[in-house]
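Morning, everyone. Please put the sequence and the structure up side by side. I'll take you through a few places in turn.

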Amino acid sequence: MTSEHRGDYEELVDEISELLGAPATLENRDFELIAFGAYDSEGDLDPSALDPVRTRSILTRRSTAAVRAWFEGFGITRATAPVRIPPTPEAGVYRGRICLPVRHRGVVHGYIWLLDDDPGPSERQLSAAMRVTARIGALLADEAQHGADLSRELRAVLTAESGWQSDMAVAELRTALGPRADGLHALMCVAPWPSADPDDAPSVRAVPGATALCTLPWGATAQCLAVLIRLRSPDVLTPATTAAGRLMERAHGGSGPERGTGGSGGTGGTSRSDGTGTGGTSGTGGTSRSGGTRGTGGTSGRLGTVGPVGTSGGPGSAAAGIATPRSGLAESATAWREASAAARAALAEARFGPVAQWASIGPYRLLTALPPEVAHDPVARTLLTPVHQELARTAEVYLDCAGQAARAAAELGIHRQTLYYRLSRIEKLTGLDLDDGEDRLLLHMALKAHRL
């Protein structure tokens, strides 16, 4: 949420809470919490009033896609008047809700939620509250348009060719951001973003510290998410890692970014934990890999620890990369290369992920810059076939151990003589001499590059 509207939302929701005599929450149309209305009523905060949907909202700040679809099934996306949703214990909704659609010029931009008590607010009270929602709708519509413009301009900056096109795109984004453009920022890449729709990105106000965000192509068919994060110090990346955690949970949700549906936990505004909304937002995620001795919780990201050679975290896995912080926007293209490279490295090496900083990915700073035809050196082609998976694992572990046979054998859990036998087979398959430093370097780079 932009700071210029934060107080406005809270004041308007407070006004609705007073009109209706009950605490209310405001969510955008993606079911992300924006503001919570203050109301002095201890009964509404009684833990015995909680139902599973509200409890999950308070504890996890998010809800499932099924819960969101259930509430939308009552027609709230099309309604122009208050919608009463009855209690449905089998769905985990023990207390009914009243939903006030927040519209502007016929388009729904959000929802006001409150618990429905007996007798509940009168029709006169609800009519007065709906007049306030119209003022909220105008603010949300204005903010949505502003956010869409920033998305287009950030995308233009990150996709423009060098030269005058890049200069023009940066100038337009700088104008849109105003004084914020000269501040300290870090670009972040979350990949892959689980949506085929290039316009299916979370709201900027749902990402703490975000100035702008957009989706970009990731490979031939996938998308990634680019996020420009405000920082106060180049040495403190907490705003970026916090935003990454929230986005990673959505990315790990599967088919699309799973939004919350109210409750507690903010998306840029205040966090007041009554939980009268329908669900909630935020969190962090992780990945897991099979087929080896370690998963993402270990310190090794070698080929043998992650299943088939070159595999990443499996279905639904995602990673985030954070570029070196910079002041201003002049080096945005370079920063984006760093962020996307760090995300690729995090997907390739479990020890980097799920959130990797450009400064921490070591040799992958060079490997990610190589074009595919160079990265896939033919010397390792035979070794990297599935039939030789164990030999590829042996080679990488041996090279990661700087050619120290005792360390490599212990890491692999095999006898040293078995290691020597495997190394001789690797030399025959590749035509390389593993006693030669340059041959070792070539094979090591080929194995690491194959992960990307």
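**Strand 8 and its neighbours**

Start with strand 8, residues 222–230. Of its 9 residues, 7 are buried, so the rest of the structure largely encloses this strand. Keep in mind that this is a predicted model.

Which strands pair with strand 8? One is strand 6, residues 184–193. Strand 6 and strand 8 run antiparallel, and 7 bridges link them. To find one of those bridges, look for H185: its partner in strand 8 is R230.

Strand 7, residues 210–218, pairs with strand 8 as well. That pairing is also antiparallel, with 8 bridges. Here, look for A210, whose bridge partner in strand 8 is I229.

Now the turn. Strand 7 and strand 8 form a hairpin with 3 residues between the strands. In that hairpin, G219 has a positive phi near 75°.

A word of background. Strands in a sheet pair through backbone hydrogen bonds, and the pairing can be parallel or antiparallel. Side chains of a regular strand point alternately to one face of the sheet and the other.

**The open sheet**

Next, a sheet of 5 strands. It is open, its pairing is antiparallel, and the strand order is 2-1-5-4-3. Which strands stand at the edges? Strand 2, at 33–36, and strand 3, at 83–85. Each has a single partner strand, so each has one side without a neighbour in the sheet. From one strand to the next, the twist averages 25°.

Look inside that order, at strand 1 and strand 5. Strand 1 covers residues 25–28, and strand 5 covers residues 107–115. They are antiparallel, joined by 4 bridges. For a landmark, take N28: opposite N28, in strand 5, is G110.

**Helix 10 and two partners**

On to the helices. Helix 10 is residues 389–400, and helix 13 is residues 437–451. Their axes come within 10 Å and cross at roughly 120°. Helix 10 and helix 13 are therefore oblique to each other. The crossing is left-handed.

What makes the contact? From helix 10, A392, A395, E396, Y398, L399 and D400. From helix 13, R440, L443, H444, L447, K448 and R451. Sorted by class, that contact has 6 nonpolar, 1 polar and 5 charged residues.

The second partner is helix 11, residues 405–412. The axes of helix 10 and helix 11 come within 8 Å, crossing at roughly 135°. That angle makes helix 10 oblique to helix 11. Is this crossing left-handed or right-handed? Right-handed.

Here helix 10 brings R393, T394, V397, Y398 and D400. Helix 11 brings A405, R407, A408, E411 and L412. By class, this contact has 5 nonpolar, 1 polar and 4 charged residues. Y398 and D400 of helix 10 appear in the contact with helix 13 and also in the contact with helix 11.

**The whole chain**

Finally, step back. How many helices and strands does the chain have? It has 13 helices and 11 strands. The chain has 452 residues, and 51% of them count as buried. Now take the contacts with a separation of 6 or more: 65% of them are between residues 24 or more positions apart.

That's my tour. Thanks for listening.

Note on methods: Residues are numbered from 1 along each chain as its sequence is written. This is a predicted model: local features need pLDDT of at least 70, side-chain atom pairs count only at pLDDT 80 or more; totals for chains, interfaces and linings use all residues. Side-chain values use heavy atoms; hydrogens and water are left out. Axes are lines fitted to C-alpha atoms, for helices over the stretch in contact, and angles run from 0 to 180 degrees between N-to-C directions. Helices (H or I, at least four residues) and strands (E, at least two) are DSSP runs, numbered from the N terminus. Angles under 35 degrees count as roughly parallel, over 145 as roughly antiparallel, 65 to 115 as roughly perpendicular and the rest as oblique. A crossing is left-handed if the near helix is turned anticlockwise from the far one by less than a right angle, and right-handed if clockwise. Contact means heavy atoms within 4.5 Å. Ala, Val, Leu, Ile, Met, Phe, Trp, Tyr, Cys and Pro count as nonpolar, Asp, Glu, Lys and Arg as charged, and the others, Gly among them, as polar. Buried means under 20% relative accessible area, exposed over 50%, partly exposed in between (1.4 Å probe, protein chains only). Two strands pair if DSSP finds at least two bridges between them.
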